[in-house]
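Please open the model in the viewer and follow the stops below in order. Each stop names a selection and then describes what is found there.

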Amino acid sequence: MTIRALVVDDQALLRTGFRMILASERDIEVVGEAADGSEAIVAAATLQPDVILMDIRMPRLDGISATREILAASAGAPPKVLILTTFDLDEYVFDALRAGASGFLLKDSPAEQLILAVRTVVAGDALLAPSVTKRLIEHYVGKPGRAVLSVAILEMLTPRELEVLRLVARGHSNAELASELVVSEATVKTHVTHILDKLDVRDRVQAVVFAYESGIVQPGVG
């Protein structure tokens, strides 16, 4: 399978750099570029990419607003959005995740990490830079009045699905989940699919946010 990528950044030099890095891989094809969020919306609808590398700060329309509109307008399987930014700021992290982004990576990350990130989000896994994961946890540690885990949520998921969700929220990959639970990766993927369907969330990142916001996972516990 060839991964179709759309590169969105207001700096032409950076777009060229990202294109060169991705085009060097046999399984990745850069199908287009966009210089702002408005262009990204049109390009996403026309080119139907599998993944969008999305800058945050851009003229006319920012990357977070563009992400929200692109995902809301997708009739079939929506593209995965990998946020790339030089700004490691809390407000961008949380806004991007709530907008539906599947990953968040800083622009100064090594080329091999960028390639891995693209493959990771397309495969359906969450991708957060270590500093972003740390901020996410710290945010919920200090957040007052967090929601209490409701009986409705407990009844919605099976005990095994709750266990899987907690591990996913802790950052475990499918391989790590399979090892921890002593099951196959195929079984893990089935559990994750059921969890996403039951919670009506788009992907693993959204499931992680849900887990923290609902109280399924308590930062610093377990």
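**First stop: Arg60**

Select Arg60, which is exposed because its relative accessible area is 64%, over the 50% cut-off for that class. The residue belongs to the loop that runs between β3 and α3. Inspect the backbone here: phi of Arg60 is positive, at about 65 degrees, although the residue is not a glycine. Most residues other than glycine have a negative phi. Please keep in mind throughout that this is a predicted model.

**Second stop: the whole protein**

Zoom out and colour by secondary structure. The protein contains 11 helices and 6 strands. Of its 222 residues, 46% are buried. A surface display shows an accessible area of about 10,700 Å², and carbon and sulfur atoms account for 55% of that area. Where contacts link residues at least 6 apart in sequence, 68% of these contacts join residues at least 24 apart.

**Third stop: helix α2**

Select residues 37-47, which form helix α2. Which residues of this helix are buried? They are Gly37, Ala40, Ala43 and Ala44. These four lie on the same side of α2, because the arc they cover around the axis is only 115 degrees. Turn to the other side of α2, where Val42, Ala45 and Thr46 are exposed.

Next, add the elements that pack against the buried residues of α2. These are the strands β1 (3-8), β2 (28-34) and β3 (51-54), together with helix α3 (63-73). The loop visited at the outset, with Arg60, lies between two of these elements, β3 and α3.

**Fourth stop: Lys80**

Move to strand β4, residues 80-85, and select Lys80. Is this lysine buried or exposed? Lys80 counts as buried because its relative accessibility is 18%, and the class requires a value under 20%.

Show the residues around Lys80, leaving out those up to four places away in sequence. Lys80 then touches Asp50, Val51, Ile52, Ser102, Val121, Val122, Gly124 and Asp203. Among these partners, Val51 and Ile52 fall within β3 (51-54).

**Fifth stop: helix α9**

Select residues 174-181, helix α9. Its buried residues are Asn174, Leu177, Ala178 and Leu181. They sit on the same side of α9, since they cover an arc of only 100 degrees around the axis. Ser179 and Glu180, on the other side of α9, are exposed.

Display the neighbouring helices as well: the cover over the buried residues of α9 includes α8, α10 and α11. Then step just past the end of α9 to Val182, where phi is positive at about 55 degrees.

**Sixth stop: the cavity**

Turn on a cavity display. How many cavities of 30 Å³ or more are there? The count is 1. The volume of the largest cavity is about 40 Å³. Helices α8 (159-169), α10 (185-199) and α11 (204-214) are the elements that each give two or more residues to its lining.

Select the lining residues themselves: Leu165, Val168, Val192, Ile195, Leu196, Arg204 and Ala207. Helix α10 gives the most to this lining, with 3 residues. By class, the lining of the largest cavity holds 6 nonpolar residues, no polar residues and 1 charged residue.

**Seventh stop: Ala207**

From the cavity lining, pick out Ala207, a residue of helix α11. Ala207 is buried because its relative accessible area is 3%. Apart from residues up to four places away in sequence, Ala207 touches Leu165, Leu196 and Val201. Of these, Leu165 and Leu196 also line the largest cavity.

Draw a distance between the C-alpha atoms of Ala207 and Ile195; the viewer should give 8.0 Å for this pair, whose members are 12 residues apart along the chain.

**Last stop: Asp200**

Finish at the loop between α10 and α11, where Asp200 is found. With 70% relative accessibility, Asp200 counts as exposed. Its phi is positive, at about 55 degrees, although Asp200 is not a glycine. The tour thus began with Arg60, an exposed residue, and closes with Asp200, an exposed residue too.

Methods
Residues numbered from 1 in each chain as written. Predicted model: local features only at pLDDT ≥ 70, side-chain atom pairs only at ≥ 80, totals over all residues. Heavy atoms only, no water. Buried < 20%, exposed > 50% of the residue type's maximum accessible area, 1.4 Å probe, protein only. Contact = heavy atoms within 4.5 Å. Areas by Shrake-Rupley, 256 points an atom, 1.4 Å probe, with all protein chains shown as cover. 1 Å grid on protein atoms, 1.4 Å probe; cavity = no way out; pocket = protein on both sides within 12 Å on 5 of 7 lines; lining within 4 Å. Points joined across faces, edges and corners; volume = space filled by probe spheres on them. Nonpolar A, V, L, I, M, F, W, Y, C, P; charged D, E, K, R; others polar. Arc of directions from axis to C-beta.
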